[in-house]
Amino acid sequence: MGFLLTIVELLAALILIVLFGLVSAIVFEAYRRRNNNAHVEAPAIFEDPKSLKQVPCPHISDPAEKYLSLVIPAFNEELRLPGALDETMNYLQQRAAKDKSFSYEVLIVDDGSRDGTKRVGFDFVKKYGVDNVRVILLGKNHGKGEAIRKGMLHSRGELLLMLDADGATKVTDLEKLENQIHAVARKDYRRQDSAASDTSFRISDIQLVAFGSRAHLEEKALASRKWYRNFLMKGFHLVVLLTAGPGIRDTQCGFKMFTRSAARKLFTNIRLKRWCFDVEVVFLCKWFGIPMLEISVNWSEIPGSKVNPLSIPNMLWELALMSVGYRTRMWKVNP
């Protein structure tokens, strides 16, 4: 009996030591990243592949020069990117032909790809011009969150849309997010200043975020996925709920639209560089009181996803860092 008690005591001590070590590691790493939102770096430069001339890179703090910016993070997307870009450019060109006031840009952020992603991006720059399509090269792989942050910070649009390189969500669905943002923004604008005229309304000055959502497809997805994947996803959603709170059912859909003012506030504060930056966006929206809309979009599974069960531990690690960093005030936010 005494031997069993000794074993139990040793196991309990070992568990406590592991837990203490894990908590210490989380606190230390959260403290180490306290200034990560400063992002001290050299000014970004776009290179025009036709003339080989350098094009100065704008910043999110500058006034908008385009109506819509589409930011596409790409890591080893040589095979999936061309189809998604063809569909995207066809839509944008058709819309621009119908509406002469519509202007756009597509920013492809190459997140340190080791295949021909850069070549694919530059082929589209050559075809459509550096004013409409631009490629940002990160040099090495930083993560999807960092790629999107970089693209957002150097966009020119009044509205900024992030979308995945696989084309899983139809680009035409951006109009659902766009229309809802305009409707809510105009309603709030008129309520706050009833004497103001619509001519003084600028969507880029309103803080709003629209989240594309696949929540309406959840029942079908649960039926088609393996049980262990459903278990992992349910567990992850529970952790997200505890970390960021309720309000958005699908935080991980890669189809989100920001007004310029909201993007400026959010992406100058983002710290997480990989998969969980989406959750940090939700957290920061609540922190700053930025209204969030969740809108159902069409979505289809595209082979070649970079997310796998082994990504879950890294996601949980990032969520723990975020929770400790913000709630202990180690992570300061820019007003």
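Contact here means heavy atoms within 4.5 Å. In this predicted model, contacts between residues at least 6 apart in sequence are dominated by distant partners: 81% join residues at least 24 apart. The protein chain has 335 residues, of which 47% count as buried. Its secondary structure comes to ten helices and nine strands.

Helix α8 (260-267) illustrates the burial. Six of its eight residues are buried, so α8 is largely enclosed by the rest of the structure. The buried residues are Arg 260, Ser 261, Ala 262, Ala 263, Leu 266 and Phe 267. Their packing partners are spread over several elements. Two are helices, α4 (144-153) and α9, and the others are the strands β6 (157-162), β7 (209-213) and β8 (256-259).

A loop residue also reaches α8. Ile 60 lies in the loop between β2 (54-56) and β3. Its relative accessible area is 1%, under the 20% cut-off, and Ile 60 is therefore buried. Leaving aside residues up to four places away in sequence, Ile 60 touches Met 152, Leu 153, Leu 160, Arg 260, Ala 263 and Arg 264. The partner Ala 263 is 203 residues away in sequence, yet the C-alpha atoms of Ile 60 and Ala 263 are 7.8 Å apart.

The loop that follows α8 holds a second buried isoleucine. Ile 270 is found between α8 and α9 (277-288). Ile 270 has a relative accessible area of 1% and is buried. From Ile 270 to Glu 146 the separation is 124 residues in sequence but 8.6 Å in space, C-alpha to C-alpha.

Helices α2 (residues 81-98) and α3 form a further contact. Their axes come within 11 Å and cross at roughly 20°. This angle is under 35 degrees, so α2 and α3 are roughly parallel to each other. The crossing of α2 past α3 is right-handed. On the α2 side, the contact is made by Leu 81, Pro 82, Leu 85, Asp 86, Met 89 and Gln 93. On the α3 side, Thr 117, Val 120, Phe 124 and Tyr 128 take part.

Aromatic pairs were examined next. A pair of aromatic rings is described by the distance of the centres and the angle of the planes. The structure holds eight such pairs. In one of them, the rings of Phe 124 and Tyr 128 have centres 6.1 Å apart and planes at 15°, so this pair is stacked. Phe 124 and Tyr 128 are four residues apart in helix α3 (residues 117-128), and are therefore separated by about one helical turn. An α-helix has 3.6 residues a turn, so residues three or four places apart point the same way. Phe 124 is buried at 8% relative accessible area. Tyr 128 is buried as well, at 13%.

Phe 258 and Phe 267 provide an edge-to-face pair, with 5.1 Å centre to centre and 80° between the planes. Both of these phenylalanines are buried. Phe 267 is also one of the buried residues of α8. Elsewhere, ring pairs link Phe 283, Trp 287, Tyr 326 and Trp 331 into a cluster.

Charged side chains meet rings at two further sites. The charged end of Arg 214 sits over the ring of Trp 299, 5.3 Å from the ring centre. The charged end of Lys 265 sits over the ring of Phe 288, at 5.2 Å from its centre.

Backbone geometry was also considered. Most residues other than glycine have a negative phi. Asn 76 is not a glycine, but has a positive phi of about 55°. Asn 76 is placed in the loop between β3 (66-74) and α2. With 24% relative accessibility, Asn 76 counts as partly exposed. Arg 329, likewise not a glycine, has a positive phi of about 65°. Arg 329 belongs to the segment after α10 (311-327). Its relative accessible area is 49%; exposed requires over 50%, so Arg 329 counts as partly exposed.

How values were computed: Residues numbered from 1 in each chain as written. Predicted model: local features only at pLDDT ≥ 70, side-chain atom pairs only at ≥ 80, totals over all residues. Heavy atoms only, no water. Phe/Tyr/Trp six-rings, centres within 6.5 Å; stacked < 30°, edge-to-face > 60°. Buried < 20%, exposed > 50% of the residue type's maximum accessible area, 1.4 Å probe, protein only. Lys NZ or Arg CZ within 6 Å of the ring centre and 35° of its normal. Axes fitted to C-alpha atoms, helices over the stretch in contact; angles between N-to-C directions. Parallel < 35°, antiparallel > 145°, perpendicular 65-115°, else oblique. Left-handed = near helix turned anticlockwise from the far one by under 90°.
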